[in-house]
Each structure stands twice: as structure tokens, then as C-alpha cells.
There are 2 protein chains.
Amino acid sequence: MRIALAQVNLHVGNFPHNRQVILEAIDRAGSTGADLVVFPELSVCGYPSRDLLFSDAYIAACLETTTQIAKHCKGIAAIVGGPWPNKEGGGKKLYNAAFLLYDGKIQHVFRKGLLPTYDVFDEYRYFESADAFRTVTYQGLRLAVTVCEDIWNPRKSGMYAIDPPALLSREKPDLMINISASPFAWDHLPGRLEILSENARLHQLPLFACNLVGGQTDLLFDGVSAVFDPQGNLMDTLAAFKEDLRVYDLDALDQIPAKPLPHKPEKEKKWQLIWDALDMGLRDYFRKTGTRKAILGLSGGIDSAVTLVIAVNALGPENVWAVLLPGPHSTQHSIDDAVALAENLGVRHDLISINDTVSALENSLEPYFSGTDSGIAEENLQARARSIILMGLSNKFGHMLLNTSNKSEAAVGYSTLYGDMSGGLSVLGDVYKTDVYGLAALINKEKEIIPSNSINKPPSAELKPDQKDTDSLPPYDVLDGILYRLLEENKDADAIVGDGYDADLVKTIIRLLSQSEYKRYQTPPILRVSPKCLGVGRQMPLEGDYRSIIHVRGK
Amino acid sequence: MRIALAQVNLHVGNFPHNRQVILEAIDRAGSTGADLVVFPELSVCGYPSRDLLFSDAYIAACLETTTQIAKHCKGIAAIVGGPWPNKEGGGKKLYNAAFLLYDGKIQHVFRKGLLPTYDVFDEYRYFESADAFRTVTYQGLRLAVTVCEDIWNPRKSGMYAIDPPALLSREKPDLMINISASPFAWDHLPGRLEILSENARLHQLPLFACNLVGGQTDLLFDGVSAVFDPQGNLMDTLAAFKEDLRVYDLDALDQIPAKPLPHKPEKEKKWQLIWDALDMGLRDYFRKTGTRKAILGLSGGIDSAVTLVIAVNALGPENVWAVLLPGPHSTQHSIDDAVALAENLGVRHDLISINDTVSALENSLEPYFSGTDSGIAEENLQARARSIILMGLSNKFGHMLLNTSNKSEAAVGYSTLYGDMSGGLSVLGDVYKTDVYGLAALINKEKEIIPSNSINKPPSAELKPDQKDTDSLPPYDVLDGILYRLLEENKDADAIVGDGYDADLVKTIIRLLSQSEYKRYQTPPILRVSPKCLGVGRQMPLEGDYRSIIHVRGK
């Protein structure tokens, strides 16, 4: 049997597009003599459809599209993903299913059993969990087909009580197929390939796994579909961050040399992965929202510099507009650095002073502010004046405003709501400041694109004279170390202190993180590149009392 | 047996507070001779704790608090709610549990089986579903204790395959107890009491149901705990929207005259419920975030007028600051109406013109806007200038900015991101414009507090000369009729057209609703008073293609 993996980029709710992508891939696979072509999870509608799944019209379109694709399957079979009505009564109305299509019809429906409902996942909101799993025979071979999470519990140590591949293996299948929409995080791939390998090895079956590729708002899918032999050796992986289609002879798998499983990426490899993910994510968000042009405020600092380079790379210099918005405390060197970068990239750049707007605001507020110490309120006026000018240009000319905040400052609330927290998309919101430096190093590897001054000077919001980020925050390597343990590692205060961080500092950082939940509640969608993004995957109470988690024993 | 229902208002994560509230209620119940006192769902930690439940320190605090409360239970038993570790391995790490406490110890743990994961609920994100349910004997009586949703599937017609009370009734219990955190919606109570009645009737058992009261950010809990006799007759309900504690003699239930079950509230009753809910919600959000003072922009229109009255009622006139922010297209009558309202209420009011700020912005943008037609971009400058001034005052003096948008305009995106969409809390964001008029009528019932002109004039954003909302939108009764069918009734386009609405208008409204998802993604938390709020309970893709649900057959 010849099996094709069709790693395609789909668009939620865009049924004509998804159908065309799938039909073209079936034809391409067919032209190579493939007997079976495998698509990602929920491919007919795209992933995640979220509450569109509650619309009867939407489910009807899913089923109609599945039927249309089935009609196209003559002389070739396809496995596509889509929702399937739960007709047995009891439980949620839908299953998350894989369909085996051939001879013009839906021949078999494989229903997903393990429904991820944590971090960014909310599948139990929509789907009933299957508790029975059956193989099906096609061209004399017995197929064990699972959907994404179903293969993630081989040791039954996870969040679920069952292991669908073990249940399927009782029927003595000849091969395993997994269709998935497993989102990217910079450290996710080794674990994903390892769990696939473990499934192949445990059941001594070849395994063909097709993963989604493309960005869908905040969620980024890196593809890297994979094939394993019955010993769990990695035979091949498909492309990362782009569409790919490859065909394999089941009988000739043993002639492919095994590849090593990847390790957790270090430094430069990590930054390259993050770069690729952000590039795809920005590109796809613009394409899928039908937006061509971006605008951003260019400060001369490193965050907006890196954001600009990513945007120019994804959209083309002709589609990106950089606006310098100097204010009363901006430095000339920042302006020079911003201009130099814009010229290096060949993007339109304009300079619009915020001084008159800030003066008008200060005059209007003078009767009330008079006699108070200048502080956060005055600083925020500047950040918000920038936002209002950028949004004015965005509204007038249809450019989407890119948010340039990084994860470190977003985490501790070192940012202005409706000011620099504005935008249609946050590009660096899941990238720690220390990794923003890594991205800058990557960008400048061949030649200096970002002026070295933007990289080397002490970070500053330039909202008051001689301001430095370190006036309010610890050095970023320390801050990021604490934040990484809190967010990605979900360590509590005691454990972080046990790692050698100062107890008072740890308490301060948890307090800042908690106190700024209300700001992040209103931030734009953030391209997710880590296992714990400060977006929909982290849902904290706004008026909760956080003392129990701030507490450090013995302090 | 004497049973007390302790309908208390708790604070997420505030363990000292919750413990004190619970211990005091135990003492009060004990002083009336009660044998058992029943508290709401997840009472030790508050509801919903969201991702705080992923913190080991938080769970430790939950268990410690439960243990402390148990130690207090001498000569009296209490049923409290809290998380409980899943020690059996397999599945999520926690159960949502009810604890029977007496003789200083946790005597029994009842685990929740049906985990709501829809609309605003995400319990399967945190909890494993129990599949075994056992009664327990206390003072010679066999208690069947369930947690909230567990009683909601008596016909097995819902989202779940099992019916816990039916499983418990096999053990021949003597009475049923349900602890819940069932959030308010204006039409929710009749259904909740009916399902409780049905459970009592089906199993021919008295039923004591204790529901949470209080606001927790967007989620509002109305209390109205209830007691039913074994025939399903409603014996008593506790207070709505406030704490209450009542004691019942189990043997004397038949001496209480039965009360009628309520019907779906009409008009004035509905507005009164919404008023009460918003009042409690605003009050509790301020109290639980430790905020005392509110600020808002007062336009002379009905939305900000109603918001102001609610805020003054909840926080006191001395804690609310109304700011009039007239701009180039504001009318004198609007200013007069705003001043009259502020004076009627006795709140501080100041007038800050936005004209200089708008002029400065327009001058700064003139080189770019020159030669274009004035439109949305120019209008948004005004809305954002207001926001920046209000936020300046908020940052300087610590007042929380109240958002004054209503549900109708939020739904169709007739609002400015970072402008009138700003704020720390949206008071009317789940109230349709037609119901805002209802609230105004209620406010003015005894005497004219809101100037009649604010109510009777055609709604206008006053962002360009002679602007009316109806320039862009259908009349609000038509708009709200379509939106109600789309949101609350989840009807598709065909069904709404079938209800007599114009097909093109229905398509336009769905398009506007879909196109403005990106704006609502960044709105403040909205006090939820309907069964489908445009907040966390409705999660739509930002770059989804909505054509399949906009489509109307035959058009």
C-alpha cells in the first residue's frame, strides 16, 4: 500500500478553500499512485473552530464538505478530520472524528476518545469522548486510526484513564495512523515525536502521523508530520512551518535509513524555531483576516526593531509602515537607530511627534494633576498618545497595528493599557526579553540590520528623564528565570527560592504578575511559541486573592 | 434533624476570609440548634478559582482550610465544597468535591460527576469526573449529597450520559442535598428551581439546595437557595443577591405551606432582576479588588446615565466621579442633561473639553489624512481622546474606569476600541439597548432622576454633525430581536428569517457581529446577566470565515 501524508494549511470556516486544498492534495497523491492520503485533524473545517461548532449551519457545512470530498475519492482513499454528530443520545452533540473515505462514501468514522481540555485546549466544550475504538480493513490491511491526543497516554500516566491505541491493538491492526492538530511550542517537537515512536514500538506497528501546519490566530501549527517503523524508528518527517505532501510505500519502509529523534533545542536553534513560528503566524493571521498591510510604532528599542524585521520578512517591505513617535523624553539616538533600521529594511517611515498631543492632554488635566507628583499617569499619557495616533492611521488606511510588547514586560505589567498594549496582534508577547535579544542576534547574524545600539543600550521606555527598565525591574535574565519557572514550569514560590532566587524578589514578581492580570485580560491575541503563553492558555481570576501562592515558607 | 442552609458570599483565593465566613455561619447555625449546615460549591476557595487550581500551594491552602473548618465542627456537621486530590491515578489531578465534616474531621468526600464545560464553564479543565456515587449516614439518616450540575440530567437528555441522583437513590437515602455555584441570568431561576423540584419528586425525597451568592468578576451568583418536600413542592427560598442563613426542621417540612414555582420574568420584573444583579456585581468587583472609587465619562446619553446611577447606588455618591468630555460635535442639550443627572445624584462632576486634544491629534495627522474623506478614523480620535483623559484621571487618583457600552452596540462593533470600549469593568455590556431603556424606566419610576431628554432623544454617538445611531444601524428593537435570536437562542440565519426578519438585514447583522470579534477580544470583563454574554462564555475565531453561518437559503 502507498500512503501519502498531506500536511496542509487550512482556514477555519472557509469550506470552499479547505475543500479545494484537500481535493488538490488527493489528486496529487493519486498521481503518484497512492492508495491512501491522510489529512490533519478537523481538516474539513479547520482547527480550532471554537463556538462556530455550536452552529447547526456550520455543522451542516462540515458534513456537506466531507460528503463532497468523499465523492471525489474514487480509486483512492482519504482520511480527513471533521465533526460528527453524536446520534446515540447522552453526552455532547458532536464527536471529533476521522473519516475513512473511498468509493465516493464515508466508509468508517473513527471517534476521538481523549479530549484535551487544558492550556489552550477546550475540546470537551464541544465533543463527547468516545469509549469504543474499532479498526477497519482497507485493501486487505487493518487500519488503527486515532485522532491526536488519543496516542498521548501510552503509560496511562496522563490526564485520562484509557489508552485508545492499546484498545485498538487488540484487533491486530497492520498499521497505525494518527491525525493531529498539535500546536507548536519551541520545545514541543521532541516530546511529540517521542510519544509517536513509543506508540509504534509498543504495538510493533508502522505509524503514519499527519499534523496540521499553519497559523490560526494565536495558535501556530508547525507540521512536521512523521513516519515510524514498527521498532519506533523515525523514518521521515515532513517540512516544518509549511505545507508538504510525501508518499511512502508501506512495504519499503525498512529501506529508509532511520533518523535520530531530535533533542530539546538550545539557544540558536530555539531562536530559529521561534523566528520561523512568528513568521508563519504573522503571515497567516494577515492572510486569513484578509489584511495586507501592517503599521507599528518604531521606538529605537529592541522590541519594536525585532517586530519590524519579522513583519517585513512576512509581508514585504512595501506592506509595512514604521512610525516614529518621539515624545518629550525620547532620545535622539533612539530616533537615529529607528531611522537607520527602517532604511536598512527599505520600509516607509514617518516621524510624528506626540509632543503637541501630550501638551494638550497635560493642559486639559492640569487643573486636576496640579500639585501631584509626576508619575505613572503622566507616563501613560505618552504611551496612549502614541497608540491613538497609530490607531488613527490604522483606521484611516486599513493597516493592522502590530503590538510590540514582549512576554517579560507583559507578565509584570510593565506596559500601558490602551498604550503600548494596543494592537491587532501581539508578535513578541510570548517571547521573553532575553529571547528577543536572541532573535536580534539571529537577524544580525550575516550583517547588521538592527543597529547595534538598539541591542546594546540599556532598555528604557523613555517615558521620563534617564529612565531605565532596571529602575523598576530586576535585570531581565533574573526576571525571565523567575517567570519561566512560574509560567512554563508551574513551580511554586518555595521551589523557585529553592532554585536560588531571592525570596523577596520572587514574592514581588508573583505579586506583579497577579496584579497585572486585569491588563492582560484586554491584550490582543499573542502568537504562541511557548508551552505557557499569557493568552487564552492561562486563565486567572482578576480579583482573586493571590496571597496563598505568593507565600514563601519561613518568610 | 435541623438543617441550615448558609448562603454565603466568598472571595476566590481569600482563605482567611472564606474560613471566617464559614466558621461564623457554623456558629450561628449551631446557636439555633442546627445539626447540619450546608455551604455552596467550592466554598473553601471560592468559585471560579480558574488556573489557581493548577498551583500546588493553592491546593494545599484549600485542604488546610478544609481541615481547619473540620476541626471547628464539634457537635454540628457541615457540608462545604472544595477541590480534592484524585489519588487513584488516571485522569485529572482533582475532583470537585463536597465534604461532610463532623467530630473534627473530614468524614466523607462526595465527588462531582457532571462537569459543566460550556458557555462560561470549564470544569473539565480542572476536574476529573466521578463515576461512583455513595450516600453516607449521619445521625441515623442517609444523605445523598450532589454537587451542582449532578442534578441537571434527570431525563438523561442533557450533555452527560449518567444521572448521579438516580445512582444515589439506589441506596435508599432519606434526603438529598445539593451544593451549587449556579450563575445568574435573568431567565435562569425558573429552570433551576424546576430541575430541583423534579429531582425531589422523582426520588420522593426532601431536597436542600444551597447556592452561592455574590459577584466574582463577570460571574454573578444570585443565591436563592431552596428547599423542596418529597413531592417536589417548593417550601422556601433564601434571599436573592445577598447572604442568608435559614434553618429547617426536617420533620416539620410538611408544616410549611408550599410556594409556587416562579415563571420566566416579564419586562419590569426582568429589569428589576438585572438591576439587582448589576448592583451586586459592581459592588462585589470593587470590594474584592480592593477598589473604592469609580470614574466614568458622562455623555448625556442613556447608557452612561444608567451606568452612573448603578455605580452611585452601589458605591455611594461620594465614591463616583462623573466627567463630561464634550467634543466638537457634542450638543449643549447633552451637556445639560449630563449635568442635571450628576446634580440629581449629588456626585462630583467635572467638564473637560477634548477639543484641544482632538485638534492636536488632527494637526499631527493632517499630513497623512489630508485629502481623504472624514470618517471613522476622525470619529475614533474623539472617542479615544475621551478614554485617554479618563484613564489619566484613573491612573492618577486610583478610580476604576467604568465602561458604559451596551450589548447591542458591542455586538455589532458600533464602538471604538481603546475609546468607549475602555474600562476596568463593563456594567451594561450584557444588557441590550432596549433593556437599558427598561432600566432607565425603573430608575425613574418614583421620580425623574435621569432627565427625560436623555431617554427620549434619538440615540447618537455625537462624533459627527447630526449623527444618529440609526444612520448605521436598524432601530434597536429590530436589532435586539435579531441579536437575541442569534446569541441567546442560537438560531441560524434561516430560522431568524423565518421569524419574519429581513434576510439582507439578518446577513448584515451576522456579518457585523463576526467582523467585530477582534474588538470584543480586548473588552473589559462584562457583568453577565443573560444566558449568553459576549464575554468568556462566547469564544469565536477572530479570523474564521463566517460565510457558512451568514448564508440564507434561497438568497
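Here are two short exercises on this structure, each with a worked solution.

This is a predicted model, where local features need pLDDT of at least 70 and side-chain atom pairs count only at pLDDT 80 or more, while totals for chains, interfaces and linings use all residues. Residues are numbered from 1 along each chain as its sequence is written, with chains lettered from A and ligands numbered from 1 in the order in which they are written.

**Exercise 1.** Work out how compact chain A is for its 555 residues.

*Solution.* Start with the parts list: chain A has 17 helices and 19 strands (DSSP runs, H or I of at least four residues for helices and E of at least two for strands, numbered from the N terminus). Next, its radius of gyration is 26 Å, close to the globule rule's 24 Å, so chain A is as compact as a globular protein of that length (taken over C-alpha atoms; the rule is 2.2 Å times the number of residues to the power 0.38). Finally, 58% of its residues are buried (20 or more other C-beta atoms within 10 Å of their own, with C-beta atoms placed from the backbone).

**Exercise 2.** Find where helix H8 of chain B bends.

*Solution.* Check the span first: H8(B), residues 355-369, covers only 18 Å between its end C-alpha atoms, against 21 Å for a straight helix of 15 residues (1.5 Å times one less than the number of residues). Now locate the bend: about 35 degrees at Asn363(B), with Pro367(B) following within four residues (the angle between axes fitted to the seven residues ending there and the seven starting there). Last, step past the helix to Gly371(B), which has a positive phi near 90 degrees.

Terms used:
Buried ≥ 20, exposed ≤ 12 C-beta atoms within 10 Å, placed from the backbone. Bend = angle between axes of the 7 residues up to and from the residue.
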